[in-house]
Structure formats: C-alpha cells, structure tokens
Amino acid sequence: MKHAIPATVLALATIAFALDGQFGIHDPSTVVLCDGKYYTYGTGGTPLVSDDGWTWRAGVRPLLTGAAPDVIHIGDRYYMYIANPRLPASETTPALAPGGNPASRAFVYMIWSKTLDPNSPDYKWNLGGVVATSNGIEDSNAIDPGVFLDPNDGKLWMVHGSYIG
C-alpha cells in the first residue's frame, strides 16, 4: 500500500505533463527556441513547432532534408547539420574509394538561416556545404550529426555516428 500512492501520483503527473498535438518525429534534433517558438527537425525534413514546448504541430520543411538533423543557434544564425547519402546538386561528389562500402558512403552538410520562422522576412535557408564525409574505407559512416558549442572556449564540435563498424 505504501507504494500505491507514489505510483498513482507519478501516473497522474505523467498524464498531466504529456505532450500534445502532432509529436511523432523520427531522429529529432535538439529543440531550439526562436522568436518565442520551439522548433525541432527530424529525418525526412519534417519539423515540429510549438508555442509552449508541450503542444506540437507540423512546420515548414527546410531547403534540404536528410537523416537525423541537428540544429544549433550561434550568434544571429541557426545552423542545421544533416546527414544524407547524396550531395545536393550544387556540390561535387567525391569518388567512392576503391573497395569502399557503398553503405558507408555518406555526407553531413550544413545549411543556415537567420530565423526558423517561415513568416519572417529573414527566413531563407542557405547552403553552407559539406562538413564531413565517409567514402567506404572508414569503419563508420558520416550520419547522425550532433553539434555542441563549448561554453569554455567557444569551439564548435560535431560528432557523427554510424550503424556500421
């Protein structure tokens, strides 16, 4: 009986603080605040937007899409890092290394905008370019980027993961 009360309180708290609206998203990015709204982006480019961080709705797709994006706000820009097995048409495709594994060939590219709000006159995604690649020789591939700005020295770090290797 002494465990029934805490379990009931926990169950009610979970219901009271549950997310609402459309919140199904695959590989969500870091949630970023922009002009009083919360944004997160997922695989395939479908973003979610929230006014309060609890109730979510579909947003506007960015210029480029891919897998497992991550977003960071630095200065007056929002940077999105996106993994994709193909490069945008404006980029030159590096050759696959001899004996390379096509499954591990991937690119992480960066796009940026001054705002995430599509109703703002400053909303425009710009292609920054490729920031990491794998060509099949590495024992990992350039997917699932995650970025971090070190508050101690101001260095921007990126890690990327893999499902091989």
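This note sets out, in numbered points, the main features of a predicted model of a single chain.

1. Overall make-up. The chain has 165 residues, of which 35% count as buried. Its secondary structure consists of one helix and 11 strands. Along the sequence the helix is followed by the strands, in the pattern α-β-β-β-β-β-β-β-β-β-β-β. Among contacts with a separation of 6 or more, 49% are between residues 24 or more positions apart. The exposed surface of the chain comes to about 9,600 Å², and carbon and sulfur atoms supply 59% of that area.

2. Strand β8 and its partners. Strand β8 covers residues 105-113, and eight of its nine residues are buried, so the strand is largely enclosed by the rest of the structure. Strand β7 (residues 77-84) runs antiparallel to β8 and is joined to it by seven bridges. Within this pairing, A83 stands opposite V108 of β8. Strand β9 (residues 126-135) is also antiparallel to β8, with eight bridges joining the two. Here A106 is placed opposite S134 of β9.

3. The largest nonpolar core. This core has 15 residues, and those touching the most other members are Y39, Y41, M80, I111, L116 and W125. At least two core residues come from each of β2 (32-34), β3 (37-41), β7 and β8. Strand β7 gives the largest share, three residues.

4. Contacts of I111. Neighbours within four places in sequence are left aside in this point. I111 is then in contact with P62 and L64, with Y78, Y79, M80 and I82, and with W125, N126, L127 and G128. A second core, separate from the one described above, has 12 residues, including A83, V108, M110 and I143. Two of these, A83 and V108, are the residues that stand opposite each other where β7 pairs with β8.

5. Aromatic pairs. The chain contains two aromatic pairs. One of them joins Y41 and W125 in an edge-to-face arrangement, with 6.3 Å from centre to centre and 90° between the planes. Because Y41 belongs to strand β3 and W125 to the loop between β8 and β9, this pair ties together parts of the chain that are 84 residues apart in sequence. The rings of Y123 and W125 have centres 6.4 Å apart and planes at 80°, so this pair is edge-to-face as well. Ring pairs thus link Y41, Y123 and W125 into a cluster. Y41 and W125 are both buried, and Y123 is buried too.

6. A charge over a ring. The charged end of R77 sits over the ring of W112, at 3.6 Å from the ring centre. 

7. Surroundings of Y78. Is this residue of strand β7 buried or exposed? Y78 is buried, because its relative accessible area is 5%, which falls under the 20% cut-off. Not counting residues up to four places away in sequence, Y78 touches V32, L33 and C34, then I72 and H73, and also I111, W112, S113, K114, T115, L116 and W125. One of these contacts, L116, lies 38 residues from Y78 along the chain, and the C-alpha atoms of the two are separated by 7.3 Å.

8. The hairpin of β10 and β11. Strand β10 (residues 143-149) and strand β11 (residues 156-161) are antiparallel and joined by five bridges. One bridge pairs G146 with V159 in β11. The two strands form a hairpin with six residues between them, and G154 in the turn has a positive phi of about 75°.

9. Positive phi outside glycine. D35 has a phi near 50°, a positive value in a residue other than glycine. D35 is placed in the loop between β2 and β3. With a relative accessible area of 59%, D35 is exposed. D144 also has a positive phi in a residue other than glycine, near 55°. This residue is found in strand β10, and D144 is partly exposed, with a relative accessible area of 37%.

Methods:
Residues are numbered from 1 along each chain as its sequence is written. This is a predicted model: local features need pLDDT of at least 70, side-chain atom pairs count only at pLDDT 80 or more; totals for chains, interfaces and linings use all residues. Side-chain values use heavy atoms; hydrogens and water are left out. Buried means under 20% relative accessible area, exposed over 50%, partly exposed in between (1.4 Å probe, protein chains only). Helices (H or I, at least four residues) and strands (E, at least two) are DSSP runs, numbered from the N terminus. Two strands pair if DSSP finds at least two bridges between them. Contact means heavy atoms within 4.5 Å. Accessible areas come from the Shrake-Rupley method with a 1.4 Å probe; for residues, only the protein chains shown count as cover. A nonpolar core is a set of buried Ala, Val, Leu, Ile, Met, Phe, Trp, Tyr and Cys residues joined through side-chain atoms within 4.5 Å. Rings of Phe, Tyr and Trp (its six-membered ring) pair if their centres lie within 6.5 Å; planes under 30 degrees apart count as stacked, over 60 as edge-to-face and the rest as tilted. A charge sits over a ring if NZ of Lys or CZ of Arg is within 6 Å of the ring centre and within 35 degrees of the ring normal.
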